[in-house]
Amino acid sequence: MKFYHIARFLYSKQAHLFWGWALLIIAQHANIYANDGATTPGIDGTTLDGFSQRRVEAIIAQLKDGSYRFTPVRRTYVPKKNGKKRPLGISTGDDKLVQEVVRIILERIYEPTFEDSSHGFRPGRSPHTALEHIQKEWTAIKWIIDMDIRSYFDTIPQDLLIALLKKKIEDTRFIDLIQAMLDAGYLEDWQYHATYSGVPQGSIVSPILANVFLHELDLFMKTMKDQYTKGKKRRINPAYKRHTKHIARLRRKGDILRKEGRTEEFQEIKREIRKVDAIRKRLSSVDPFDQKYKRLYFCRYADDCARLAGSPVDGAAQWRSLHHEVGRPRPCGGMGKSEARLWLVDDSGSDGEEQAGASRAPCAARCRSPA
């Protein structure tokens, strides 16, 4: 389903009440549940305080005649747990209001289409739901590939993002509004910097835009999962089966000795059974290297992904296979010649060594066995 004339509705007389109530609810929500982001001023010093009907009408009039201009965000830095700093963009009060309405519209359009494997920045979802998803659905795994996209928000290709939005939204005025939001740039130490890629971290609308872009990865991994899955269940482990039969023979022999009253020999059989059973308990009941059984699972929270495989191959082969499939360029979302490349980099060293051809790889991954 595609969406047309979003801007025509939003700028119509009937939509005046919609915009007013939407912005009013947002402002009241910010006033009641104030947080650092809602009350932190942008470069013009305005916040969500001082909200009024006059302010709403001024924003609507500018949006309607196309004169509204997003102000460059004020860039600041917040510390991370690893000692580094994360860039954070702080918008002006009016920009926050417009961004929230855009976020609401995008959420209504895209939320029903997102995959169940996605848990980041979505209503009713969190890291806890991602862990519950893993606990319930991921079984019989042998290798885990843990992926993290480096500086994801700063490296999203804006042209590809807009192309993905156009696949579902054909309202050019609404698309232009989002493009103007991305082109606003940022101010750091009172020096203006243009933005040619990425979405500003800290922006209200950035999380939903990030999910729209990585939805293509979710769809790719879903297709990869369907192609990878093989077999209904694993075959019985030959060693486990052999010890099970040995125990069964000993028990039959023990029953005969017990009936004949040969106590000492019966006790010897019992000790032998316990010994063999102890060996059997250290074995898997099914063959972990069954060539006819494969499973692949995928889960994503924002730009952190995990891929688990129940596979007969060793970890290195698993890693090379995933790097080949995800790392090579391919048409993104049916956009013709436009291509997106997600490079996975071996992160076994201190900083990881980049694969040939990945001059600036934004994605790092680790491959390990859960054992």
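This is a guided tour of a predicted model, moving from a sheet to the nonpolar cores, then to a pair of helices and finally to a loop.

**The open sheet**

Begin by selecting β1, residues 73-79, together with β2, residues 85-90, which run antiparallel and are joined by six bridges. With both strands displayed, look for Arg-75, whose bridge partner in β2 is Gly-89. The two strands form a hairpin with five residues between them, and in that turn you can pick out Gly-83, which has a positive phi of about 95 degrees.

Next add β4, residues 186-188, which pairs with β1 in the parallel sense over two bridges; to find the register, label Val-73 and, opposite it, Tyr-186 of β4. Then add β5, which runs antiparallel to β4 and is joined to β4 by three bridges, with Glu-188 standing opposite Gln-191 of β5.

With these four strands shown together, you have an open sheet in the order β2-β1-β4-β5, in which the pairing is mixed. The edges are held by β2 and β5 (191-193), and because each has a single partner strand, one side of each is left without a neighbour in the sheet. If you look along the sheet, the twist from one strand to the next averages 40 degrees.

**The nonpolar cores**

Now hide the sheet and select Val-102, Leu-106, Leu-165, Ile-178 and Leu-209, which touch the most other members of the largest nonpolar core, a set of 48 residues. To see where this core draws its residues from, colour α4 (53-65), α5 (93-110), β3 (143-149), α7 (152-155), α8 (158-168), α9 (172-182), α10 (206-228) and β6 (295-301), each of which supplies at least two residues. Among these elements α10 gives the most to the core, with 11 residues.

A useful residue on which to centre the view is Ile-178: leaving aside its neighbours within four places in sequence, Ile-178 is in contact with Val-102, Leu-106, Ile-162, Leu-165 and Leu-209. Apart from the largest core lies another one, of seven residues, and selecting Leu-250, Leu-257, Phe-266 and Val-276 will show some of its members.

**Helix α5 and its crossing with α8**

Return to α5 and display it alone, with its end C-alpha atoms marked. Those atoms are 26 Å apart, which agrees with the 26 Å that the 18 residues of α5 should span at 1.5 Å a residue. When the rest of the chain is shown again, α5 proves to be mostly covered, since 15 of its 18 residues are buried.

Add α8 beside α5, and you will find that the two axes come within 11 Å and cross at roughly 60 degrees, in a crossing that is left-handed. The contact is made by Leu-106, Ile-109 and Tyr-110 on the α5 side and by Leu-164, Leu-165 and Lys-168 on the α8 side.

**The loop at Arg-235**

For the last stop, go to the loop between α10 and α11 (238-260), and select Arg-235 there. Is this residue buried, exposed or partly exposed? Arg-235 has a relative accessible area of 48%, and because the partly exposed class runs from 20% to 50%, Arg-235 counts as partly exposed.

With its neighbours within four places in sequence set aside, Arg-235 is in contact with Val-286, Asp-287 and Asp-290. Finally, draw a distance between the C-alpha atoms of Arg-235 and Tyr-293: these residues are 58 residues apart along the chain, and the separation is 8.4 Å.

Key. Residues numbered from 1 in each chain as written. Predicted model: local features only at pLDDT ≥ 70, side-chain atom pairs only at ≥ 80, totals over all residues. Heavy atoms only, no water. Pairing = 2+ DSSP bridges. Core = buried A, V, L, I, M, F, W, Y, C linked by side-chain atoms within 4.5 Å. Buried < 20%, exposed > 50% of the residue type's maximum accessible area, 1.4 Å probe, protein only. Contact = heavy atoms within 4.5 Å. Expected span 1.5 Å × (residues − 1). Axes fitted to C-alpha atoms, helices over the stretch in contact; angles between N-to-C directions. Left-handed = near helix turned anticlockwise from the far one by under 90°.
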